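Please find below my notes on the model you sent round. They are set out as numbered points, to be read with the coordinates open.

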Amino acid sequence: MMDADHHLDQTTKLTDMVKNKNLDEFRNFGGIEAIVKLLKSNTENGINGDEDDLIKRRSIFGSNTYQKPAPKGLIHFVVEAFKDMTIIILLACAALSLTFGIREHGPKEGWYEGGSIFVAVFLVIVVSAASNFRQERQFDKLSKISKDIKIDVLRNGRRQKASIFDAVVGDVIFLNIGDQIPADGLFIDGYSFRVDESSMTGESDHVEVDPNHNPFLLSGSKVADGSSRMLVVSVGMNTSWGEMMSSITRDSNEQTPLQERLNKLTSSIGKVGLTVASLVLGVLLVRYFTGNTEDDNGNREFKGVDRNLNDNFNSVLRIVSAAVTIVVVAIPEGLPLAVTLTLAYSMKRMMADQAMVRKLSACETMGSATVICTDKTGTLTLNQMTVTKCCVGFEETTKHDFSRNLVELFYQGVAFNTTGTIYKPKSGSSLEYSGSPTEKAILSWAVQDLGMDIDILKQNYTVLQVETFNSDKKRSGVSIKNNISEKNIIYVHWKGAAEMVLALCSSYYELTGEIKTMSDEKRSQFENIIQGMAASSLRCIAFAYKQIEDDNSISKKNLKNEEDLTLLGIVGMKDPCRPGARKAIQSCRAAGVDIKMITGDNIFTAKAIAAECGILESNNQAALPGEVIEGVEFRNYTDEERAEKVDIIRVMARSSPLDKLLMVRCLKQKGHVVAVTGDGTNDAPALKEADVGLSMGIQGTEVAKESSDIVILDDDFSSVATVLLWGRCVYNNIQKFIQFQLTVNVAALVINFIAAVSAGNVPLTTVQLLWVNLIMDTLGALALATERPSKELMHNPPVGRIEPLITNIMWRNILTQALYQISVLLVLQFKGRSMLGVDEKTKNTIIFNTFVMCQVFNEFNSRSLEKKNVFKGVLRNKLFVGIIAVTVVLQAVMVELLKKFADTVRLSFAEWGVCLAIAAVTWPIGWLVKFVPVGKKPVFSYLKLLRCGSKT
């Protein structure tokens, strides 16, 4: 026990040491090597990493997870639903009606009206709460997936990918630019390593990390520059990040722009409903107290204040309840629910289509995108690099042609100037390469074609200084020293974009091992070789080096002197276009979305890939003037020139992240809705600036992912096109539901108002109106909000920023259907008894049944705003068919079985036939009205013109 207590005490000290950045304590422990030994780890091989070892470490030190507040349960959403004022008023009316009903008619008969309202209200509440609860769980599930970051960890000598949640104390983890530090730990080794601790400390300045003065790494920080290896010292709740995250409750009430617009629409319609309800209340009360209303037997209802107070109170209560119910029906609570449903449904489906939504608003905004700025590598191409050409001097070479001296220099340049690693399994199976696709391709080429043995090289040389790859310089460098001989010589190696490295060279190697001076003519010949490779869609990487005398006064600055290099050779790597890229680009173009390729590659490679993918329409790459430019040219334009030329540009080569940001800003200023793809840390400003930022799930850094709205999990442009399609689907589904709901709103309000004013009663009771509300708000939202996207959506132009939510086409459809329903139901209200030869109760049941059936039939019309064939693909949407079937069955139950609950009477087959025949007419009307042309100018813009005209 003493040993265990001592071990626990040491662990607590280590945890506090890192949290407090206590350098004295770090030295007391004996430095990094002593702490590695204490945690039973190894800097070269990591921990053992088998299942028993991992379980033991988690039981002693804890897991890399943090406690989160419990998610909201179903009861929470039920309670939230009860807070709605109209629901409270209805419940109060139901309670009073129940009390007076039982008092007057006894418990057996008196509970029907009040009890029916109670049941109907509870049904609306439970269905609404269950829907919200389901969406909350869906968002919570997606949130967990988005936080499951993959890290590079060293276990049993092997570099491998693991979940951030699987990191344990003692793990050795590889960190590169843009990575999130997964746990609290200590710096083992690395180069030019700087971290951004602003998420923890609030300080925006980057902190330099080194083994002597600041070896501490805090969980949640981001790597700003360089690369390193770290030792995990504490995880999960033992870190400051874990403590902070466990106290944060995720806000699932994020309002998207579309939801905000719908809330305003809901408020406006609610005000109209409240006005109509107030008028109905006033008219009915006046008619009642003036003796102008009759009961079911044809007798006058109000017989004076002193007579039967219970009857008077019940009648007034019924009038108030009807008025309140009109407000309930008028307020389209289903609109926010429809948005939530369609966003949740779309998010779930998009996950299956390789897109993870981090920000809800991106779903709908993507549907309005007019321009997509995309990367090349990994997005339009497969990101599966292979070296297919190597030129030394002016000759294409094979592995047998290299001189011994030259091949040794290539070994140095490849083995030490890389962020990749090679793992040799003990079983003797094939080597495993880790790192970026470019690094893996070069390492594989050096091992397989040149016979490089990286283990021997690491024994023979010592790395002095490293300069990591920089997106501005587009090259990386390393200085090394031979441990065995030539103690006074330092080798400086550079690797990077071929034309940029070539510009630094004053000499070059020939295959024979002879060094020649780089004349202007020779430089021009090398440039032609690079252009020839690039025109064949090859990415060109040049290797160059120089030797310098080992002088302590300059050894620390040897990488700053980049001139007078000797060119070793140029390799060309093939990265094939993704099979579906061309088709996806054509699809986006057909949808009116412009595609621009922004890449760091040289202009010739960029043109070749752009032509191959279909961004440039000419197969011979003879682009039109201004279509293909370099980043520096775009950067040097004036603001006016940029605005004038930005629409013409299709390819921007040799671009920096600043150029990408400039293009996004310029396009937005011109009124475009811009989507941008990015994977690097430096892409973060452009991803944030864009209307929709799309980061890459495989190659993207954590900084890029956190700056983005959607993560493309497979890095494929086809998935970007799929996101565009889903974005349009979200917007289109919301419009379908608005059309459906507003038709019901207009019809219900007008029918009740006219009937109340003229006849003194409303044809639809409180329970019936609540049932219509349930069909309309919840089941209707579920049916229409879950329609899958159709290819036709990609044939429409993008929706602009100021396009009205309710278009002229929608108004045409809404008013036509509402006018038909109002006309038919009012005829039934005033002439139904004589026309059909039925009593008052049967007539009212027929009106209720016809009204519901009209909504069922109109739900089919709402499946398409413009297409005449609304049945196309209906059987593929099983949920829609199921909801229609459930609605019809429940309506039959309401009418035929729940007569006292719904205040209905049984209908004969002939009467059912009348209801269905009237409702079925909505189909030919919906078909015919789509032949009526409508103007593109929004209807309400004419009202504004009239208002302006009246003021003048």
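The points below go from the whole chain to two helix pairs and then to three loop residues.

1. Status and overall make-up. The model is predicted. The chain has 952 residues, of which 54% count as buried. Its secondary structure comes to 34 helices and 26 strands.

2. Contacts and surface. Among contacts in the chain with a separation of 6 or more, 73% are between residues 24 or more positions apart. The exposed area of the chain is about 42,100 Å². Carbon and sulfur atoms supply 56% of that area.

3. Helices α18 and α20. Two packed helices are described by the angle between their axes and the distance between the axes. For α18 (residues 520-535) and α20 (residues 603-613), the angle is about 20° and the axes are 7 Å apart. That angle makes α18 roughly parallel to α20, because angles under 35 degrees count as roughly parallel. The crossing of α18 and α20 is right-handed.

4. Residues between α18 and α20. On the α18 side the contact involves Gln531, Ala534 and Ala535. Their partners in α20 are Phe604, Thr605 and Ala608. By class, the contact of α18 with α20 has four nonpolar and two polar residues, and no charged ones.

5. Helices α28 and α33. The second pair consists of α28 (residues 808-836) and α33 (residues 922-929), whose axes come within 10 Å and cross at roughly 145°. The crossing of α28 and α33 is also right-handed. From α28, the contact uses Arg812, Asn813, Thr816, Gln817 and Tyr820. From α33, Thr922, Ile925, Gly926 and Val929 take part. By class, this contact of α28 with α33 has three nonpolar, five polar and one charged residues.

6. Leu380. This residue lies in the loop between β9 (371-374) and β10 (386-392). Is Leu380 buried or exposed? Leu380 counts as buried because its relative accessibility is 0%, and buried means under 20%. Leaving aside neighbours within four places in sequence, Leu380 is in contact with Thr374, Asp375, Cys577, Arg578, Ala581, Ile585, Met597, Cys613, Ile615 and Phe717. Leu380 and Arg582 are 202 residues apart in sequence, with a C-alpha to C-alpha distance of 8.5 Å.

7. Ser403. The loop between β11 (395-396) and α14 (404-415) holds Ser403. With a relative accessibility of 16%, Ser403 counts as buried. Which residues is Ser403 in contact with, leaving aside its neighbours within four places in sequence? They are Leu511, Thr512 and Gly513.

8. Pro938. The place of Pro938 is the loop between α33 and α34 (939-951). Its relative accessible area is 31%, so Pro938 is partly exposed; the partly exposed class is the one between under 20% and over 50%. Not counting residues up to four places away in sequence, Pro938 touches Pro804 and Asn808. The C-alpha atoms of Pro938 and Glu803 are separated by 8.5 Å, and these two residues are 135 apart along the chain.

9. Points to check on screen. For the helix pairs, start from the contact of Gln531, Ala534 and Ala535 with α20, then go to the contact that Thr922, Ile925, Gly926 and Val929 make with α28. For the loops, begin with Leu380, buried at 0% relative accessibility, and then turn to Pro938, partly exposed at 31%.

How values were computed. Residues are numbered from 1 along each chain as its sequence is written. This is a predicted model: local features need pLDDT of at least 70, side-chain atom pairs count only at pLDDT 80 or more; totals for chains, interfaces and linings use all residues. Side-chain values use heavy atoms; hydrogens and water are left out. Axes are lines fitted to C-alpha atoms, for helices over the stretch in contact, and angles run from 0 to 180 degrees between N-to-C directions. Helices (H or I, at least four residues) and strands (E, at least two) are DSSP runs, numbered from the N terminus. Angles under 35 degrees count as roughly parallel, over 145 as roughly antiparallel, 65 to 115 as roughly perpendicular and the rest as oblique. A crossing is left-handed if the near helix is turned anticlockwise from the far one by less than a right angle, and right-handed if clockwise. Contact means heavy atoms within 4.5 Å. Ala, Val, Leu, Ile, Met, Phe, Trp, Tyr, Cys and Pro count as nonpolar, Asp, Glu, Lys and Arg as charged, and the others, Gly among them, as polar. Buried means under 20% relative accessible area, exposed over 50%, partly exposed in between (1.4 Å probe, protein chains only). Accessible areas come from the Shrake-Rupley method with a 1.4 Å probe; for residues, only the protein chains shown count as cover.
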